[in-house]
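Q: I should like a close look at one part of this model, namely a place where two helices pack.
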Amino acid sequence: MHEDIMHFSSRWFYEGKLQAAPEVRSRGILDYDTPLVWYDTSLCRYQEEFIGEHFGRINKPKAELLLAETEKYIKRIGVERVLEERIDIGIISPYKSQIQYLKRRIRQITFFKPLRSLISINTVDGFQGQERDVIILSLVRANEHKEIGFLTDLRRMNVAITRARMKVILIGDASTLTHHKFYKELYNYIEEKGKVVLIQADKPV
């Protein structure tokens, strides 16, 4: 994977011992692209909903933002190039209800129809042992109590981030998530090595 994606996990989980393979350490999809982006929805009223013990939580506005940003990124690359080079995308969320919603919306949106074979949507466990060129994480949690539930399972977050070969995009409410040290450091790392995009409250999705 790209060394900027690898470095945070190496530092946090592996005492800095991981190394990126020389042939891929700087590889990207686009010239002057950044391998790490966090779309921060702190200014938006994108609050989570609790569905039930089995399906957990859902955040539909964040799902719609994810789909909009995915479409924009594919258009930047070029649909023809994505299809020709088989550039694949993994969309990961820790919550089953969010996964189900995203799968349903991908089927409904005409733009994604020719690309569906290149887009996988699953939980972290569903991506164990796999990798994709681009990984997009829907972190769902956004609440006044700053509760993040099993996002505190950092082993799973490590797995999610390190599924990416060339690019990681996170959709998350930093005001909720960064009360936890791991997400605070990850946010700061992405500010330093990548890009943080603060989504405005009135931005349509």
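Q: In which handedness of crossing does helix 5 pass helix 7?

A: The model is predicted, with local features requiring pLDDT of at least 70, side-chain atom pairs counting only at pLDDT 80 or more, and totals for chains, interfaces and linings using all residues. Residues are numbered from 1 along each chain as its sequence is written, and side-chain values use heavy atoms, with hydrogens and water left out.

Helix 5 passes helix 7 in a right-handed crossing (the near helix is turned clockwise from the far one by less than a right angle). Helix 5 spans residues 154-161 and helix 7 residues 181-193; helices here are DSSP runs of H or I with at least four residues, numbered from the N terminus. The two pack at an angle of about 25°, with their axes 11 Å apart, the axes being lines fitted to C-alpha atoms over the stretch in contact, and angles running from 0 to 180 degrees between N-to-C directions. They are therefore roughly parallel to each other (angles under 35 degrees).

L154, M157 and I161 of helix 5 make the contact with F182, Y183 and L186 of helix 7 (heavy atoms within 4.5 Å). By class, this contact has six nonpolar, no polar and no charged residues; Leu, Met, Ile, Phe and Tyr are among those counted as nonpolar.

On the helix 7 side of the contact, F182 is buried, with a relative accessible area of 0%, and Y183 is buried, also with 0% (buried means under 20%, with a 1.4 Å probe and protein chains only). Ring pairs (centres within 6.5 Å) link F8, W12, F13, F182, Y183 and Y189 into a cluster.

Note on methods:
Angles under 35 degrees count as roughly parallel, over 145 as roughly antiparallel, 65 to 115 as roughly perpendicular and the rest as oblique. Buried means under 20% relative accessible area, exposed over 50%, partly exposed in between (1.4 Å probe, protein chains only). Rings of Phe, Tyr and Trp (its six-membered ring) pair if their centres lie within 6.5 Å; planes under 30 degrees apart count as stacked, over 60 as edge-to-face and the rest as tilted.
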